[in-house]
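This briefing looks at how strands pair and how aromatic rings meet in one protein model. Please keep the sequence and the structure in view while reading.

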Amino acid sequence: MADTASQVLLGSGLTALSQPLMYVKVLVQVGYEPLPPTLGRNIFGRQVYQLPGLFAYAKHIMKIDGRAGLFKGLTPRLCSGAIGTIVHGQVLQRYQEADQEEEPGASLKEPVSSWEQVIKETSREMVARSAATLVTHPFHVITLRCMVQFIGRETKYSGIFSPFVTIYREEGILGFFAGLVPRLLGDVLSLWLCNMLAYLINTYALENGVSTMSEMKSYSQAVTGFFASMLTYPFVLVSNLMAINNCGLAGGLPPYAPNYSSWLDCWSQLLKEGNMSRGNSLFFRKVPAGKLYVWEEKRFR
């Protein structure tokens with residue numbers, strides 16, 4: 001119980017610190033670009049038109065809503081993190097208790113190979129993460145909609161309990177789980193890719209005689225985790241867009257977003273536009289195609 005409480009406190013602190021970054025990232029994912037591009041240089045030194053990065057975007061938000069404006073949606077996100085940590089820990093604890101009950105006869109069983117152990121641990125982690133995601137997804141939906149309200153200056157999803165009433169009244173139970181399928185698929189694929197790649201690297205690429213073997217294996221886990229998250233980022237993007245799609249907010253309606261019929265339709269349209277990585281980087285951002293932006297609307301007017 002003490003470990004869970006410490007994890008919740010640590011997670012809440014990291015969530016609060018990362019909230020401004022998350023806020024900017026979500027607005028970029030939606031396609032909201034209130035600032036015009038500027039002529040700059042990419043990582044190869046070539047001159048290109050770039051959209052403002054994280055700090056310029058955050059400065060724009062503070063100019064309108066003040067510093068507190070960077071923390072919109074923090075409350076439901078904190079609830080999501082705390083509840084998710086508890087659910088995740090409880091599921092893993094049930095597995096540990098089941099293993100302890102089987103221990104008396106464990107000596108009669110054949111030894112488990114490292115590959116089988118990885119499969120077993122990854123499967124359990126998958127169940128624990130999926131359970132936490134399923135339980136906390138309503139808070140995730142509310143978090144995203146609280147943030148996207150910045151675009152149209154709405155207050156529809158303000159407060160603690162009123163967003164639940166609003167979603168239930170307008171969309172029913174399914175409204176709380178908008179974008180759940182691509183989010184679950186992305187989490188599962190990322191987990192399996194990360195663990196399988198780390199296992200292959202640790203088993204076949206690293207020699208057991210190296211004195212810093214434990215450090216090397218921890219580094220390989222971090223590298224494969226980053227690589228897996230990059231590959232599965234489109235699922236995160238599609239999930240977030242579906243969570244705010246056609247929810248009555250300006251950010252979920254044209255011209256910012258079409259009315260997607262399903263998450264597959266959303267995926268297909270983003271793929272055609274070449275915007276599958278939109279919001280993945282908040283620095284050195286090139287001008288995406290296929291959307292009408294705020295600065296363009298002002299110019300046409």
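**Strand pairing**

In strand β2, Q47 is the bridge partner of R41. The model is a predicted one, and the points below take its strands and then its aromatic rings in turn.

- Strand β1, which covers residues 38-41, runs antiparallel to strand β2, residues 47-51, and 4 bridges join the two.
- Strand β2 is also joined by 2 bridges to strand β3, residues 285-286, and this pair runs antiparallel as well; here L51 stands opposite R285 in β3.

**Aromatic pairs**

- The count of aromatic pairs comes to 8.
- In one of them, the ring centres of W115 and Y199 are 5.1 Å apart and the ring planes stand at 55°, so the pair counts as tilted.
- This pair links distant parts of the chain, since W115 belongs to helix α4 (residues 114-152) and Y199 to helix α6 (residues 180-205), with their positions 84 residues apart.
- W115 is partly exposed, having a relative accessible area of 39%, whereas Y199 is buried, with a relative accessible area of 12%.
- In another pair, the ring centres of F139 and F164 are 5.5 Å apart and the planes stand at 75°, which is over 60 degrees, so the pair is edge-to-face.
- Because F139 lies in helix α4 and F164 in helix α5 (residues 162-171), the pair ties together parts that are 25 residues apart in sequence.
- F139 counts as buried at 17% relative accessibility, while F164, at 25%, counts as partly exposed.

**A ring cluster**

- Y23, Y32 and F150 are linked into a cluster by ring pairs.

Definitions and conventions: Residues are numbered from 1 along each chain as its sequence is written. This is a predicted model: local features need pLDDT of at least 70, side-chain atom pairs count only at pLDDT 80 or more; totals for chains, interfaces and linings use all residues. Side-chain values use heavy atoms; hydrogens and water are left out. Two strands pair if DSSP finds at least two bridges between them. Helices (H or I, at least four residues) and strands (E, at least two) are DSSP runs, numbered from the N terminus. Rings of Phe, Tyr and Trp (its six-membered ring) pair if their centres lie within 6.5 Å; planes under 30 degrees apart count as stacked, over 60 as edge-to-face and the rest as tilted. Buried means under 20% relative accessible area, exposed over 50%, partly exposed in between (1.4 Å probe, protein chains only).
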